[in-house]
Structures are given as structure tokens and as C-alpha cells.
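Thanks for making room for me this morning. Please have the sequence and the structure open while I talk, and I will walk you through one strand and its surroundings before turning to a few unusual backbone spots.

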Amino acid sequence: MGESTPPTDREPAPVEGTDDETARGRRGFIRAGVGTAVAAGIAGAGGTAAAQAYGGWLSDTSNYEATQDHTGESAVTVAVGAGENGQLFAPPAILVDPGTTVTWEWTGEGSGHTVTHEPTADDAEPAFESDQKEAAGETFQYTFEAEGTFRYFCEPHRSVGMKGVVAVGSTDDDLIEPTAGAGGGGGASAGSGLRSGADLAVLAGAVGLGAGLVLAVLSATDRLGDAT
Ligand SMILES: [Cu+2]
């Protein structure tokens, strides 16, 4: 009786050990799952943080989602009078290199607009300030030589979030790729930056898949060539 017990004890032992490891694995998996959920929560909060970029300057600007990266371009155009009501700048936030000339171009929509710099210090003079214009094709230009963050707004439509930012040299904000035809397209196009990125990723995946197929065909052809 007693002699048969040790093998019985030994046999279950590895099984229990395995069960313990499995249980630990499950707990670890659950912990990892919680960690992922927490990370997702933080990412969600990050979206809010992005809206708080530039001191929340663009928090009521409906076509703002992140800063469009226009570094490497010597000239950038921003639409004045974009969006459904013609009372937005598009793109609302851009990152440019020092020395870049930004041209604001009036769309003719949404009545008269200005491009008015909001200095960081209350007593500072605006670095740039356009006249109020309304006609399509009107422009205003400013060349940003100094690094820094330039917040600006439209005098008549500041209260409806017609505001923008030109970040020169660097930004703490999230960056998105410029949309095709940015500037002339209006507010609708400014909101599609992230979707365009996703589309590009899908396209890149499709191209990668296509390249893989081509390689597979080529290697199959090589094998056929070796066989003959
Ligand atoms: Cu305006």
C-alpha cells in the first residue's frame, strides 16, 4: 500500500506543476490584457492631450486633429474660409522649417476674414496681421524666420474656432501627413489626413503582397529553369 503511494505522488506532481504554470500563464495573460486595456485608455487620453496642444488654442477648431508636417517645403498654402460654413483655416495647424513662406489664400467663402497673430505675451505686438479680405484668390503672406509657435485667428470668427497654428522648427503635437492639394481644398480635406495615412498603409500592404507574389512566381520560374 505504502509502496504504491510514491509513484502516485510523483506522477501527479508534474501535472500539478503544469497546471500551475498554465494558471500562471493565464494570470499573466489576463494581466497583459489589463495592461493593453490601460494602454488603450492612455492612448484615448492622448487624443484629448492632442486637443490640448498649443495650450488648447485649437480645442474649438472643428477641423483640427493634429499638426500637418510641411517640413522640407519652402512654401506652404493655407486656405482662409474653409469648411462647411467657410469659417475655418485649412489646414489649421502646420509644422514648417524656419525660412518657410506661408501663403494664406482666401476661398471667398464665409464672408470677410483676417489672419491675425496672437502673441504669446499679452503686451507683445502681433508678428503678422492681415487686412480683412473676402474675395476668392486674395492672399496674405508671412515668412517665418524664427523658430517658435505662432497662434493666429480670424478677427470676425475667432469665437467659432476659426484659428490656426504655425509651428516653426518643432512641435510637441502629433504629426500627420499633408493632405493632397492642401490649402486649396478647404476644411473637408483637412480632416482626412489620418484616413489618408490608413489608406496608404492598406496600399503599401497590397503592394507588398503583390511584390511577394511576383517573387514567388520568379522563384518558381527559376526552379523550372533549373529543372530544364
Ligand atoms: Cu473668418
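Let me begin with a term that I will lean on: strands here are DSSP runs of at least two residues marked E, numbered from the N terminus, and two of them pair if DSSP finds at least two bridges between them. Please keep in mind throughout that what we are looking at is a predicted model.

With that in place, let us look at strand 9, which covers residues 163–168. On one side, strand 4, residues 93–96, runs parallel to strand 9 and is joined to it by four bridges; if you look for individual pairs, Ala93 has Val165 as its bridge partner in strand 9, and Ile94 has Val166. Strand 8, residues 148–153, runs antiparallel to strand 9, and here six bridges make the connection, with Thr149 partnered by Ala167.

Stepping back, these strands belong to an open sheet of six strands in the order 6-8-9-4-1-10, with mixed pairing. Strand 6 and strand 10, the latter being residues 175–176, stand at the edges, and because each has a single partner strand, one side of each is left without a neighbour in the sheet.

Now, how many of the residues of strand 9 are buried? Six of its six residues are, so the strand is mostly covered in the sense that a residue is buried if 20 or more other C-beta atoms lie within 10 Å of its own. Both faces share in this, since Lys163, Val165 and Ala167 are buried on one side, and Gly164, Val166 and Val168 are buried on the other.

Let me take one residue from each face. Ala167 has 26 other C-beta atoms within 10 Å and is therefore buried. Leaving aside its neighbours within four places in sequence, Ala167 is in contact with Thr67, Leu95 and Thr149, and its C-alpha atom is separated by 6.3 Å from that of Val96, although the two residues are 71 apart along the chain. Val166, with the same kind of sequence neighbours set aside, is in contact with Ile94, Val96, Val102, Phe144 and Phe150.

That brings me to the nonpolar core. The largest one has 31 residues, and those with the most contacts inside it are Val78, Phe89, Val96, Val165 and Val166. Strands 2, 3, 4, 5, 8 and 9 are the elements that give two or more residues to this core, and the largest share, five residues, comes from strand 2. As background, nonpolar side chains tend to be buried together in soluble globular proteins.

Finally, the backbone. In general, most residues other than glycine have a negative phi, and most peptide bonds are trans. Where, then, does a cis peptide bond occur here? One joins Ala90 and Pro91, with omega about -5 degrees, and Pro91 sits in the loop between strand 3 and strand 4.

Tyr54, in the loop between helix 2 and strand 1, has a positive phi of about 60 degrees although it is not a glycine. Ser111, in the loop between strand 5 and strand 6, also has a positive phi, near 70 degrees. Are these two residues buried or exposed? Tyr54 counts as buried because it has 22 C-beta neighbours inside 10 Å, whereas Ser111, with 14 other C-beta atoms within 10 Å, is partly exposed.

Definitions and conventions: Residues numbered from 1 in each chain as written. Predicted model: local features only at pLDDT ≥ 70, side-chain atom pairs only at ≥ 80, totals over all residues. Buried ≥ 20, exposed ≤ 12 C-beta atoms within 10 Å, placed from the backbone. Contact = placed C-beta atoms within 7 Å. Core = buried A, V, L, I, M, F, W, Y, C linked by C-beta atoms within 7 Å.
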